[in-house]
There are 4 protein chains.
Amino acid sequence: MGIMGTGFMAHLLKLEKITMDEEKLGFACDYMKGAHPNIMKAMTETNMISTVGYGKDEISERARERVRKVCGCPKAAVEFLVGGTQTNAVVIDAFLRPYQGVIAAETGHIGCHEAGAIEFGGHKVLTLKQKDGKISPEQVERYLEDFYNDESFEHMVMPGMVYLSQPTEYGTLYTKEQLQAFRRVCDAYHIPLYVDGARLAYALACPENDVSLKDMASLCDAFYIGGTKCGAMFGEAVVIPDPNAVPYFFTIIKQHGALLAKGRLLGLQFDELFKDDLYLRIGQPAIKAADQIREALQEKGYQMIYPSFTNQSFCVMENEKLQRFGDKVSYSFWEKYDDSHTVIRLATDWAAAEEETQALIDVIRKLA
Amino acid sequence: MGIMGTGFMAHLLKLEKITMDEEKLGFACDYMKGAHPNIMKAMTETNMISTVGYGKDEISERARERVRKVCGCPKAAVEFLVGGTQTNAVVIDAFLRPYQGVIAAETGHIGCHEAGAIEFGGHKVLTLKQKDGKISPEQVERYLEDFYNDESFEHMVMPGMVYLSQPTEYGTLYTKEQLQAFRRVCDAYHIPLYVDGARLAYALACPENDVSLKDMASLCDAFYIGGTKCGAMFGEAVVIPDPNAVPYFFTIIKQHGALLAKGRLLGLQFDELFKDDLYLRIGQPAIKAADQIREALQEKGYQMIYPSFTNQSFCVMENEKLQRFGDKVSYSFWEKYDDSHTVIRLATDWAAAEEETQALIDVIRKLA
Amino acid sequence: MGIMGTGFMAHLLKLEKITMDEEKLGFACDYMKGAHPNIMKAMTETNMISTVGYGKDEISERARERVRKVCGCPKAAVEFLVGGTQTNAVVIDAFLRPYQGVIAAETGHIGCHEAGAIEFGGHKVLTLKQKDGKISPEQVERYLEDFYNDESFEHMVMPGMVYLSQPTEYGTLYTKEQLQAFRRVCDAYHIPLYVDGARLAYALACPENDVSLKDMASLCDAFYIGGTKCGAMFGEAVVIPDPNAVPYFFTIIKQHGALLAKGRLLGLQFDELFKDDLYLRIGQPAIKAADQIREALQEKGYQMIYPSFTNQSFCVMENEKLQRFGDKVSYSFWEKYDDSHTVIRLATDWAAAEEETQALIDVIRKLA
Amino acid sequence: MGIMGTGFMAHLLKLEKITMDEEKLGFACDYMKGAHPNIMKAMTETNMISTVGYGKDEISERARERVRKVCGCPKAAVEFLVGGTQTNAVVIDAFLRPYQGVIAAETGHIGCHEAGAIEFGGHKVLTLKQKDGKISPEQVERYLEDFYNDESFEHMVMPGMVYLSQPTEYGTLYTKEQLQAFRRVCDAYHIPLYVDGARLAYALACPENDVSLKDMASLCDAFYIGGTKCGAMFGEAVVIPDPNAVPYFFTIIKQHGALLAKGRLLGLQFDELFKDDLYLRIGQPAIKAADQIREALQEKGYQMIYPSFTNQSFCVMENEKLQRFGDKVSYSFWEKYDDSHTVIRLATDWAAAEEETQALIDVIRKLA
């Protein structure tokens, strides 16, 4: 599965002035652009003020308050970290005891594309088979039941957490009912439920989604609200509804080299993202564009292989056709489908422009 | 030793608009402000362009080229990371074998103020006594000699690297001659020499300094050029003159959760910092201000306890006097001197303003 | 899969004198008894001599020489460790770079029953689907090929070693031809091949086996010769044919808490095991007994589910029948077969007694 | 400091029969011989019985009961491990949270001679200056007080345990009063107190010692009763008076590769060591011999540099004299005293023979 598109051709920068040779339409991923204009504006305006470091400043505190409010958990611990892999490693290491592992879909980001960051912290990722990028509460329950029924369980890595992604790496969504079922299983086995929300804005902007931030705060022991892929320059907001769940979380962050000296840069971004509930709407252009793209693809008979309603669309394309497609569009190689077909991913983002989407649709329609 | 001043009083932010109630003069540390205006400008201008992620973009590549050029090492591996603790952990883990530790001054940042990030990676910090924040090549040589002469050495943590800071945590400087002597010791024992340059711009801007970036590149196996404290929003540039020294450095960065998705944000900052050699001059206002502050302190008879020529100044102040000083100035508590005196640190930065320095000097002069 | 039999009923020890109430026939596992008589005799005779510690004594050195000789690798590094999980962790940590993982069958001991010892050292176990407890060279080759063809490979755990068990956890054997093919794949990708020989004596005693110790030494980068399950009290002999492959292996052992102070106890056991090639024959009683048991089971129509020729036999038994079987025999629960059947394991060992085997066969024959 | 004597000359083993060329008197260390005869006898007698593995057998359970009884803690968790470094790593990793370190004397075994086993588990050893191998409760209290008073404490490794050795690495003893004071400090800061009893039998056999096993059980959160150096072949018994203090200790042991398959071998040894309170007397021959040696040394005017009353004696010897001494006696080099003198260690053990002690005393008396 691809992280960057095969067809991608880096934009050229000429001379001293940074220019872009827009040879291709960019749909390879959702972290190619900078930040939402509100964020850039706030960064510029506050650039020369002096604040205390490490996120103990008042901008960060205000951002925390906004997050607590929108999540309906007024006492939550809220910490801002720089990136997703880092956040997963910090949260997982913070919750697990050394002899515990984390249950995840075999396609979960922590098990595939984090270069062993979880193992670096000493923990095993206990993978379950996925369907459309998801695991089911029943699967997890069976795994836990089997584990404790195995008379050798003391010789095995104890499952100490459930990790989900919302939306998943395949763009699919867990329903509120499913999350409630996960909660029940986790309660029964006294293990925490953690949700990776790297692309959470795209779930929240999706009409098919029925899980609100308040739902997540009431159902999860920890989750993070993704900034990097959702309008921020960088940054993820970890929400731990019970502030006593993880003592000395600050030190754990520091120990992981994940503490930003000028922490206000993170606070400021989430302050802007949650001002006037911007975050709840910020994914809408991406969803609108993705829906149009999916429609165009289906019209032309392409198979959509996962039921994704979010900003990522996955379709099967004949290899020869794909080559011509790739001349005009930067996409992401996902996986080989068969000897003559490939699964590709097309990603839109918060800054999706109508004209760019139309241009892509035109390419799709005209592709012979 | 303090990281944030006791006397510090966070600047207030009122209503929606971020304002500052400048109640105190801010000399507590050197990471309280944002970024150099050139950086803010470039960030704004490039905000909406699309680039490939993870630092593989052309802005980052251009920045790498600039760093290689100013360091005189055209083939060097140059990678941009977000923060100092992260950078130290990544570089040290990359160079050391699991059974090796890193030699450092007992006051080295890695041994004190990184919350065990080096131990998290499995390595021991082997501390030597410091003088003015420095260790000597002779000390290191003796340590290595004693180690291999100890018949139990195979039962002990093998010294596998020498870690220095330039300038040190105490603001002092290693001379070129000293670095050359460290090089000889490291060569004799086949271990790498690594220099933490979190505040390197303040060394480079200092007339007393005789170690250039080219010297560092020719004498060190790895070093980092600090951005966070030296004009960047955030970011540190790791330079490894021999690009083959650390295979798969990119994966090691990722595994540490230290890979920035929108890597161009780091590249762009170093691109600006090294455009027209800005970095070589950027520390000058800090040094000028610090010199004036030290002069004022000495005039009034305060003892300066380390021979610092860089942006940090350390003096001994009588406790009762300090309380009044702290009403007007945010400083950093360093350590207890005796029952009635305290060592404080006053830090200046790249954005030091003449009027603020004068205001501090006035406070010093008038302090009864 | 079971480590200890459900049906197992611990032998009773009454009063001060240790006695055994032999209520059941013991076929649950192969590490229930002490050591070969030769070992006990040598231990007793040398008990009060004084030797230098940590395996640097002459008994250990003599044992090393014997191992080198029988393996045909006169320069090999040979180190004696206490147990299997420990040995796997030490060898794998010694060979892998921090960002690398180890390829293993999903049923490999390191991935299932070592409580995360490999992850504790920071490494991921990269599991491949097994057939009869084995993986194929083709599978490994495809995995490696796919890995390096994945454009995101730098974001993933690099496969840095191949781990096999000979015999496997399912009692099956790799052929010499297969090991040669693994060797070619490993050479092509420059990664080491490591074989876990916890039950190696039972392979060597097996007529169907065509892999000698010399073959292993010529085909593997490292392997261990199991003592614990093969006649020793405890102990495993690691063989690394190229002594320069792992510098400071001694310190790595110590760091893992795996260095036995009175190292001669290990040396002495392997000295006895390789005196007059005892180890090459020591598994024969187990194989003979296992063959008889398998024959008896098949005569009665039980399905043998893996083609095991070694000391472990796996058959499917109807649950109701199993309950009665379990009243007389301690066996090992392996896994659920279906709602009414179970897979069980019957293990024999180097000290298998003819009468005990016959008693088991009688039970099998009479089981209605 | 030495682990094995420079003067040590390995005993020769000739032909097939293991013989010893007793060229020198052996006082280099206390782990050169095998096991107490009672242990060898019990091992031989039980060699061919079958027991369940991993210390879940009845011999081990009976040994646990004996340990609980002599320690006066009927509910204690008691686990038997193989060696000291392993035991320290397992216990420390089990008690500490990932962001915590362990306070120890700078001469503590965990900080010097365990090859970084504690750092391998991710924890820093926080060293305090020692006096005669000891730290004081006041030192620890001051350290903890200073730590929490340091406004940067969240950026530092949190002290999470106190580690002591009884007797210390320098042969000295903590008094009951001192242990009580450590207990109060630990209670005040809610951190566990752990005592490494590698040579505990030599403390218990010492008239100057006033700390009983019951005292240790009532004052410590965990301690271990050393077997390896005190009459066992190998083995250490961890005692955790509150069995709920460490959940899943068994799995932690397994994860560290420290679980002995044939666990009864450990249980059996401690069963013998605590039968008729043997362990409480087993060190007496060593103490008697050491006292005689110290008397002889002092008579001849040698400076004893630590107030050791246990089985280790440390004296200063002129280098030229030492060379002649070393021709006849295997001793342990401890450290350089000055350019012409050396500190040496002479160790006796549970099997100290009167005639060997007299022979050493003769050498001392005649040494010109």
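**Notebook: domains, chain contact and one helix**

I looked up the two domains of chain A and found their C-alpha centres 28 Å apart. The domain assignment, which is automatic or taken from a database, gives domain 1 as 25-30 + 283-366 and domain 2 as 37-281. I note that this is a predicted model, in which local features need pLDDT of at least 70, side-chain atom pairs count only at pLDDT 80 or more, and totals for chains, interfaces and linings use all residues. Residues are numbered from 1 along each chain as its sequence is written, while chains are lettered from A and ligands numbered from 1 in the order of writing.

**Domain 1 against domain 2, chain A**

I counted contacts (C-beta atoms, placed from the backbone, within 7 Å). Domain 1 of chain A gives 14 residues to the contact and domain 2 of chain A gives 19 residues. On the domain 1 side, α13 (284-299) and β9 (312-318) of chain A each supply at least two residues. Helices (H or I, at least four residues) and strands (E, at least two) are DSSP runs numbered from the N terminus. The largest share of that side, three residues, comes from α13(A). I sorted the side by class and found seven nonpolar, six polar and one charged residues. Here Ala, Val, Leu, Ile, Met, Phe, Trp, Tyr, Cys and Pro count as nonpolar, Asp, Glu, Lys and Arg as charged, and the others, Gly among them, as polar.

**Chain A against chain B**

I found 54 residues of chain A in contact with 54 residues of chain B. The elements of chain A that give two or more residues to this side are α1 (37-46), α2 (58-71), α3 (84-95), α5 (117-120) and α10 (249-255). Among these, α1(A) gives the most, with four residues. By class, I recorded 29 nonpolar, 18 polar and seven charged residues on the chain A side.

**Helix α7, chain D**

I checked the length of α7 (residues 176-189) of chain D: at 1.5 Å a residue, times one less than the number of residues, its 14 residues should span 20 Å, and the end C-alpha atoms are 20 Å apart, which agrees. Its buried residues (20 or more other C-beta atoms within 10 Å of their own; exposed means 12 or fewer, partly exposed in between, with C-beta atoms placed from the backbone) are D:Leu179, D:Phe182, D:Val185 and D:Cys186. Seen down the axis of α7(D), they fall within an arc of 120 degrees, so they line one face of the helix; the arc is taken over directions from the helix axis to the C-beta atoms. I traced the packing of these buried residues to α6 (137-149), β5 (158-165), β6 (193-197) and α9 (213-219) of chain D. The face of α7(D) turned away from the buried side carries the exposed residues D:Glu177, D:Asp187 and D:Ala188. After α7(D) comes D:His190, with a positive phi near 55 degrees.

Key:
Two residues are in contact if their C-beta atoms, placed from the backbone, lie within 7 Å.
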